[in-house]
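Trainee: Please take me through how the helices in this structure pack against one another, one pair at a time. I would like a close look at which residues make the contacts.

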Amino acid sequence: MMGKYGSASDEAHYYEEAGNAFRRAERIKDAITWTSEGWIKLAIGGPRRSVMCMRAVAEMSEEDIDVKPEEALAYYKKAADMFEMDEYSKAPHSQCMLKVAELSAEVGKYEDAAKIFEKEGEKALHNSMLQFGAREHFLKAGIMWMCAGDPVTASIAVERYMSEDPRLATSREGELLQDITQAFSNNDVDAFVDALHKYDSVTRLDAWKTEMLCKVKEIMAPSAENQVNDVDLT
């Protein structure tokens with residue numbers, strides 16, 4: 001198929017390069033527009049580069065503070081769907097799905113996020129190269145169930161993770177997950193904070209976990225909002 005500037009693939013390349021230029025200039029909205037056009041051309045032309053173009057759109061959407069998280073979430077879902085159709089793209093598919101999970105949590109879809117983290121954790125357990133990462137996915141899944149406000153479901157889920165991955169219980173992530181889940185079930189804010197400080201003193205909690213854990217603490221003690229926000233976990 002030929003267009004104004006040559007084949008669909010050629011046109012897509014020009015749009016993609018324009019998008020990259022706008023991105024370097026920090027004109028993210030323009031970059032998204034031009035890269036999106038490139039993806040459309042690539043989809044028409046059929047090259048596999050189209051999926052990488054869609055992923056770039058998702059990443060740029062996430063970077064732009066003026067773009068709603070729901071929009072970035074939709075782009076990552078589209079990229080994940082495209083990667084899933086390629087049997088040689090399992091790793092990038094998982095990477096996009098993990099982004100979908102994190103963004104789902106940011107817009108309050110905690111159960112959706114938990115299920116994605118669980119699925120990725122289970123997949124990791126069956127891959128000798130990725131087994132170590134399963135504990136991170138299960139930790140995030142457990143946090144999501146707590147964000148959903150259901151201590152019973154959270155406790156049952158954590159027990160299941162320990163059963164599926166016997167090494168999880170003795171790992172630092174597993175110990176943290178068990179401690180904060182127990183504290184959440186008992187509505188014990190002090191024990192919750194102590195467990196976080198103990199973990200954070202060795203392995204720093206990232207910004208996403210910190211944000212989600214603050215939501216859990218707010219569920220436990222709504223009247224202690226100022227106290228919760230004063231805890232430095234970053």
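**Helix pairs and their contacts**

Mentor: Start with helix H5, residues 90–106, and helix H6, residues 110–125, whose axes lie 8 Å apart and pack at an angle of about 155 degrees. Angles over 145 degrees count as roughly antiparallel, so H5 is roughly antiparallel to H6. The crossing of these two helices is left-handed. Keep in mind that this is a predicted model.

Now the residues. On the H5 side, the contact is made by His93, Ser94, Met97, Leu98, Val100, Ala101, Glu102, Ser104 and Ala105, and on the H6 side by Tyr110, Ala113, Ile116, Phe117, Glu120 and Lys123. Sorted by type, the residues of this contact are nine nonpolar, three polar and three charged.

One of the H6 residues deserves a separate look. Glu120 sits in helix H6. Its relative accessible area is 5%, and the limit for buried is under 20%, so Glu120 counts as buried. If neighbours within four places in sequence are set aside, Glu120 is in contact with Ser94, Met97, Leu98 and His137. Ser94, Met97 and Leu98 belong to the H5 side of the contact just described. The side chain of Glu120 also makes a polar contact with the side chain of Lys123, at 3.1 Å. Lys123 is itself among the H6 residues that meet H5.

Move along the chain to the next pair. Helix H7 covers residues 134–147 and helix H8 covers residues 151–164; their axes are 8 Å apart, and the angle between them is about 165 degrees. H7 and H8 are therefore roughly antiparallel to each other. Their crossing is right-handed. From H7 the contact takes in Phe138, Ala141, Gly142, Trp145 and Met146, and from H8 it takes in Thr153, Ala154, Ala157, Tyr161 and Glu164. The residues of this contact comprise seven nonpolar, two polar and one charged.

H8 also packs against H9. The axes of H8 and H9 cross at roughly 160 degrees and come within 9 Å. That angle makes H8 roughly antiparallel to H9. The crossing of H8 and H9 is left-handed. The H8 residues involved are Pro151, Ala154, Ser155, Val158, Tyr161 and Met162, and those of H9 are Gly174, Leu177, Gln178, Thr181, Phe184 and Ser185. By type there are seven nonpolar residues, five polar ones and no charged ones in this contact. Ala154 and Tyr161 of H8 appear in the contact with H9, and both also appear in the contact with H7.

Thr181 shows how these pieces meet. This residue is placed in helix H9, which runs over residues 172–186. Thr181 is buried, with a relative accessible area of 5%. Beyond residues up to four places away in sequence, Thr181 touches Met146, Ala154, Ser155 and Val158. Met146 is an H7 residue of the contact with H8, while Ala154, Ser155 and Val158 are H8 residues of the contact with H9. A polar atom of the Thr181 side chain lies 2.6 Å from the backbone oxygen of Leu177, and Leu177 is also one of the H9 residues that contact H8.

Beside Thr181 in the sequence is Ile180, also in helix H9. Ile180 has a relative accessible area of 1% and is buried. Leaving out residues up to four places away in sequence, Ile180 touches Ile143, Met146, Phe192, Ala195, Leu196 and Leu213. Met146 is thus touched by Ile180 and by Thr181. Ile180 and Ala191 are eleven residues apart along the chain, and their C-alpha atoms are separated by 7.5 Å.

The loop between H9 and helix H10, residues 189–200, contains Asn187. The phi angle of Asn187 is near 55 degrees, a positive value in a residue other than glycine. Asn187 counts as partly exposed, at 44% relative accessibility.

Finally, the setting. The chain has twelve helices and two strands, and along the sequence the two strands precede the helices. Of the 234 residues, 47% count as buried; Glu120, Ile180 and Thr181 are among them. Of contacts between residues at least 6 apart in sequence, 58% join residues at least 24 apart.

Definitions and conventions:
Residues are numbered from 1 along each chain as its sequence is written. This is a predicted model: local features need pLDDT of at least 70, side-chain atom pairs count only at pLDDT 80 or more; totals for chains, interfaces and linings use all residues. Side-chain values use heavy atoms; hydrogens and water are left out. Axes are lines fitted to C-alpha atoms, for helices over the stretch in contact, and angles run from 0 to 180 degrees between N-to-C directions. Helices (H or I, at least four residues) and strands (E, at least two) are DSSP runs, numbered from the N terminus. Angles under 35 degrees count as roughly parallel, over 145 as roughly antiparallel, 65 to 115 as roughly perpendicular and the rest as oblique. A crossing is left-handed if the near helix is turned anticlockwise from the far one by less than a right angle, and right-handed if clockwise. Contact means heavy atoms within 4.5 Å. Ala, Val, Leu, Ile, Met, Phe, Trp, Tyr, Cys and Pro count as nonpolar, Asp, Glu, Lys and Arg as charged, and the others, Gly among them, as polar. Buried means under 20% relative accessible area, exposed over 50%, partly exposed in between (1.4 Å probe, protein chains only). A polar contact is a pair of N or O atoms within 3.5 Å; within protein, one must be able to donate a hydrogen and the other to accept it, and residues adjacent in sequence count only if both atoms are side-chain atoms.
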